[in-house]
Amino acid sequence: MLNKLEVNVPQKTYPILIRKGIMEDIGYEIKKYYYNKKITIVTDYNVENLYGEGFVQNLSSYGYEVHTISIRPGENSKSIETLTQLYNQLLDNGMTRRDLIIAFGGGVIGDLAGFAASTFLRGINYIQIPTSLLAQIDSSIGGKVAVNLPRGKNLVGSFYHPEAVIIDSNMLKTLPQRYLYDGMGEVIKYACIKDKELFKKLSIINNEAELFSNIDEIIYRCCNIKREVVEKDEKEAGKRMLLNFGHTIGHAIEKVFNYEKYTHGEAVSMGMYVITQKSESLGITKAGTAKLIKELLIKFNLPYQIPKIRTEKLLEAIELDKKSESDFINLVLLNEIGDSFIKKIDKKDMVQYLLT
Ligand SMILES: NC(=O)c1ccc[n+]([C@@H]2O[C@H](COP(=O)([O-])OP(=O)(O)OC[C@H]3O[C@@H](n4cnc5c(N)ncnc54)[C@H](O)[C@@H]3O)[C@@H](O)[C@H]2O)c1
Ligand SMILES: [Zn+2]
């Protein structure tokens, strides 16, 4: 079954297509959105080794002239240096503004290739084919593209939407398990902020086989929430902040551990649990909510308790977070599962959400 969502932003309308096996005849889909001849696929070594050959063959059978640029996997590749190499290779391939880039990989590739597309020759069209769970439910939707600078993540970027997002959950079968659960951290986040039904669905999944048999619906629900939030608030002035549930503390944990010890999803998991435990004890969140979150996190191999680090260290990391404006922090809290809101708090009051 093909699930189709449509993203409507001021600049354009484009589809998100979700179907197991859609990659098998991907050229057929691409033909609907791209009428010229030349395509450059941007991918990483892992994804290229697994899926590159079949992808190129299929596109070629539709008459496309296909080039592939493959980069080293990992966050370090989301850099200005790799971007420069990418521009050079695009020029070597003779890419013009009428040609197409396909971002084929996880969030690193989506952000890097998307930013290259937004800037190369003042912008050329691109299609997202996300291959990690995180990319399929989060980073490929919303138009945020970026590279990192030595001084911080995503410091150079833009808002640039693709022509289409095409999602084949079959590719998740080769995703290393830690990345699968990393993505589940964000899935649980969506359920917490906006989808009680999804939360219930996740609660009755007992093993990976059951997860995979429900994965298309899970992806659909998450994409739909992100689509809705992004349409209402493309540039993150208001409602898009709800997507930051668990992220204020999560980002701080990632930073304190130099982005090495915990994946993003793991750090966000701890952030969601800790903040909810606190807001519950302050009488803001319905009693029992933190326990429900904890049970779900355990089921998907995600941590819930923040590691033993000094509270001041976490506070310091939160202070530096670029998402906090002036003396205030926009904290995302739950009324209950599926119902979230933004609470603007004084930075100095943040400490009461951290002390255990
Ligand atoms: N733009 C946004 O809105 C947004 C949102 C969230 C995260 N992000 C960004 O996303 C990035 C993280 O994305 P990620 O977790 O996908 O990381 P990633 O791109 O590094 O992918 C994770 C790993 O999985 C491998 N991989 C991907 N798909 C695979 C598959 N199907 N089979 C086997 N291996 C596969 C990759 O080679 C890599 O080693 C970060 O840079 C983050 O800043 C962006
Ligand atoms: Zn996140």
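Which residues does D195 touch, not counting residues up to four places away in sequence? D195 touches Y190, R221, I225 and G338, where a contact means heavy atoms within 4.5 Å. D195 lies in the loop between helices α6 and α7 (196-203), and with a relative accessibility of 9% it counts as buried, a word used here for residues under 20% relative accessible area, while exposed stands for over 50% and partly exposed for what lies in between (1.4 Å probe, protein chains only).

The model is a predicted one, in which local features need pLDDT of at least 70 and side-chain atom pairs count only at pLDDT 80 or more, whereas totals for chains, interfaces and linings use all residues. Residues are numbered from 1 along each chain as its sequence is written, chains are lettered from A and ligands numbered from 1 in the order in which they are written, and side-chain values use heavy atoms, with hydrogens and water left out.

**The chain as a whole**

The chain has 13 helices and eleven strands; helices (H or I, at least four residues) and strands (E, at least two) are DSSP runs, numbered from the N terminus. For 356 residues, a compact globule would have a radius of gyration near 21 Å, and the 20 Å of the chain agrees with this; the radius is taken over C-alpha atoms, and the globule rule is 2.2 Å times the number of residues to the power 0.38. Along its principal axes, the C-alpha trace spans about 60 × 40 × 35 Å. Of the 356 residues, 54% are buried, and among contacts between residues at least 6 apart in sequence, 74% join residues at least 24 apart. The chain exposes about 15,800 Å², of which carbon and sulfur atoms supply 49%, as given by the Shrake-Rupley method with a 1.4 Å probe, where for residues only the protein chains shown count as cover.

**The zinc site and helix α10**

The zinc ion (ligand 2) is coordinated by E186 (OE), H247 (NE2) and H264 (NE2), at 1.9 to 2.1 Å. These donors follow the spacing E-x60-H-x16-H along the chain; donors are N, O and S atoms within 2.8 Å of the metal (3.2 Å for Na, K and Ca), and water is not among the atoms, so sites may look incomplete. H247 belongs to helix α10 (residues 247-256) and H264 to helix α11 (residues 264-281), and the two histidines are 17 residues apart. H247 counts as buried because its relative accessibility is 6%, whereas H264, with a relative accessible area of 23%, is partly exposed.

Eight of the ten residues of α10 are buried, so this helix is largely enclosed by the rest of the structure. The buried residues are H247, T248, I249, G250, H251, A252, I253 and E254, and what covers them includes α6 (177-194), α11, α13 and β10 (328-336).

**Positive phi angles**

The table lists residues with a positive phi value and says where each is placed.

| Residue | Phi | Place |
|---|---|---|
| L121 | near 50° | loop between α4 (107-119) and β6 (125-130) |
| N258 | near 55° | follows α10 |
| N301 | near 55° | loop between α12 (289-299) and α13 (311-319) |

L121 and N301 each have this positive value as a residue other than glycine. L121 is also partly exposed, with a relative accessible area of 36%.
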